[in-house]
Amino acid sequence: MSGSSFGMPPSSFVDGFRMPHVFSAESFRSAVQYQPRPDDVFIITYPKCGTTWAQQIIALIYRLGDPYEADTQLLGDFPFLELRGAKSAENMLRPGAIKTHLPFNLAPWSEKAKYIHIARNPKDCCVSYYYHHKSHVFTGTFDDFFEMFLSGDINFGDYFDHLLSSKPPDESFNIINQYKGSNFHKKVKAKNGLLQTILNKLSTMSDLKPKCKKPYQNKSALSLRPNWTS
């Protein structure tokens with residue numbers, strides 16, 4: 001582990017990759033060794049780049065517009081790969097998606113799996129990541145954090161390295177093609193107004209903010225989700 005900086009807990013370094021201290025070496029190594037299934041969908045993002053928003057949208061697609069009864073279900077049904085390890089992906093409910101902040105050069109890769117990569121303006125990402133750290137006892141100023149962000153001296157490493165690790169888009173990245181001809185694809189086509197339902201639920205910041213915050217306010221609930229065991 002590295003020494004703490006501006007009141008933050010020490011980071012973990014596993015095989016040269018920097019993560020929060022709660023991420024174990026065992027879970028990280030099992031994550032990078034995970035063998036993707038053909039029906040796997042990965043959401044690959046640098047932190048604070050729209051991960052939870054994407055999860056909410058995909059969840060509504062998979063659930064045909066039916067929102068979760070409990071916000072913590074999102075965390076169970078979209079396993080955080082390097083936090084919970086490969087078993088969480090193996091045991092997840094399907095159809096579903098796997099969340100990871102690993103760069104593409106570390107994320108499990110298969111031409112048969114599907115990948116959603118989200119990039120965000122680095123200025124917005126930096127500001128959002130700063131406030132995320134402020135909520136986790138970071139005592140430095142924004143200028144302090146800005147220097148850390150630019151240098152990559154931060155959990156999950158350099159934003160620009162992560163961005164440059166992404167693969168060029170092609171038809172293998174198309175999430176829609178995964179289910180064409182399947183029973184699920186037929187259900188989506190038969191669900192009239194599904195797109196409008198999703199837009200109505202997640203199209204504004206007032207809709208989005210509570211849904212992004214609530215799942216993480218009760219972290220003890222994660223232990224109750226069997227498909228999160230590693």
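**A guided look at the predicted model**

Visitor: Phe 146 lies in helix α7. Is Phe 146 buried, partly exposed or exposed?

Guide: Keep in mind that this model is predicted. Buried requires under 20% relative accessible area, and exposed requires over 50%. Phe 146 has 30-odd per cent at most to weigh against those limits: its value is 32%, so the class is partly exposed.

Visitor: How far apart in space are Phe 146 and Tyr 129?

Guide: In sequence, 17 residues separate Phe 146 and Tyr 129. In space, taken C-alpha to C-alpha, the distance is 9.8 Å.

Visitor: How many helices and strands does the protein chain have, and what share of its residues is buried?

Guide: The protein chain has eleven helices and five strands. It runs to 230 residues. Of these, the share that counts as buried is 43%.

Visitor: Take contacts with a separation of 6 or more. What part of them comes from residues 24 or more positions apart?

Guide: A contact here means heavy atoms within 4.5 Å. For residues 24 or more positions apart, the share of those contacts is 69%.

Visitor: Why do the buried residues of α1 lie on the same side of the helix?

Guide: Helix α1 spans residues 25-32, and its buried residues are Ser 27, Phe 28 and Ala 31. They lie on the same side of α1 because they cover an arc of only 100° around the axis. In general, an α-helix has 3.6 residues a turn, so residues three or four places apart point the same way. For α1, the value that settles the matter is an arc of 100°.

Visitor: Which elements help to cover those buried residues of α1?

Guide: The cover includes two strands, β1 (11-14) and β2 (17-20). It also includes the helices α4 (81-84) and α5 (86-90).

Visitor: Which peptide bond is cis, in the loop between α5 and β4?

Guide: Most peptide bonds are trans. Pro 95 belongs to the loop between α5 and β4 (98-100). With omega near 5°, the cis bond is the one from Arg 94 to Pro 95.

Visitor: Lys 48 and Phe 156 each have a positive phi. Which of the two is buried?

Guide: Most residues other than glycine have a negative phi. Lys 48, in the loop between β3 (41-45) and α2 (51-62), has phi of about 65° and is partly exposed at 30%. Phe 156, in the loop between α7 (142-151) and α8 (159-164), has phi near 75°. At 5% relative accessibility, the buried residue is Phe 156.

Visitor: Which backbone oxygen does the side chain of Lys 114 reach?

Guide: Lys 114 is part of strand β5, residues 114-118. At 11% relative accessibility, Lys 114 counts as buried. At 3.1 Å, its side chain reaches the backbone oxygen of Lys 112.

Visitor: What is the volume of the largest cavity?

Guide: The structure holds one cavity of 30 Å³ or more. The volume of the largest cavity is about 40 Å³.

Visitor: Which element gives the most to the lining of that cavity?

Guide: The lining includes His 117, Ile 118, Tyr 159, His 162 and Leu 163. The elements that give two or more residues are β5 and α8. With three residues, the element that gives the most is α8.

Visitor: How do the lining residues of the largest cavity divide by type?

Guide: Tyr 46, Cys 49, Ala 119 and Arg 120 are also among the lining residues. Arg counts as charged, while Tyr, Cys and Ala count as nonpolar. The whole lining divides into six nonpolar, two polar and one charged.

Notes:
Residues are numbered from 1 along each chain as its sequence is written. This is a predicted model: local features need pLDDT of at least 70, side-chain atom pairs count only at pLDDT 80 or more; totals for chains, interfaces and linings use all residues. Side-chain values use heavy atoms; hydrogens and water are left out. Buried means under 20% relative accessible area, exposed over 50%, partly exposed in between (1.4 Å probe, protein chains only). Helices (H or I, at least four residues) and strands (E, at least two) are DSSP runs, numbered from the N terminus. The arc is that of the directions from the helix axis to the C-beta atoms. A polar contact is a pair of N or O atoms within 3.5 Å; within protein, one must be able to donate a hydrogen and the other to accept it, and residues adjacent in sequence count only if both atoms are side-chain atoms. On a 1 Å grid over the protein atoms alone, a cavity is a set of points where a 1.4 Å probe fits but cannot get out, and a pocket is an open set with protein on both sides within 12 Å along at least five of seven lines; lining residues have an atom within 4 Å of a point. Grid points are joined across faces, edges and corners, and a volume is the space filled by probe spheres set on the points.
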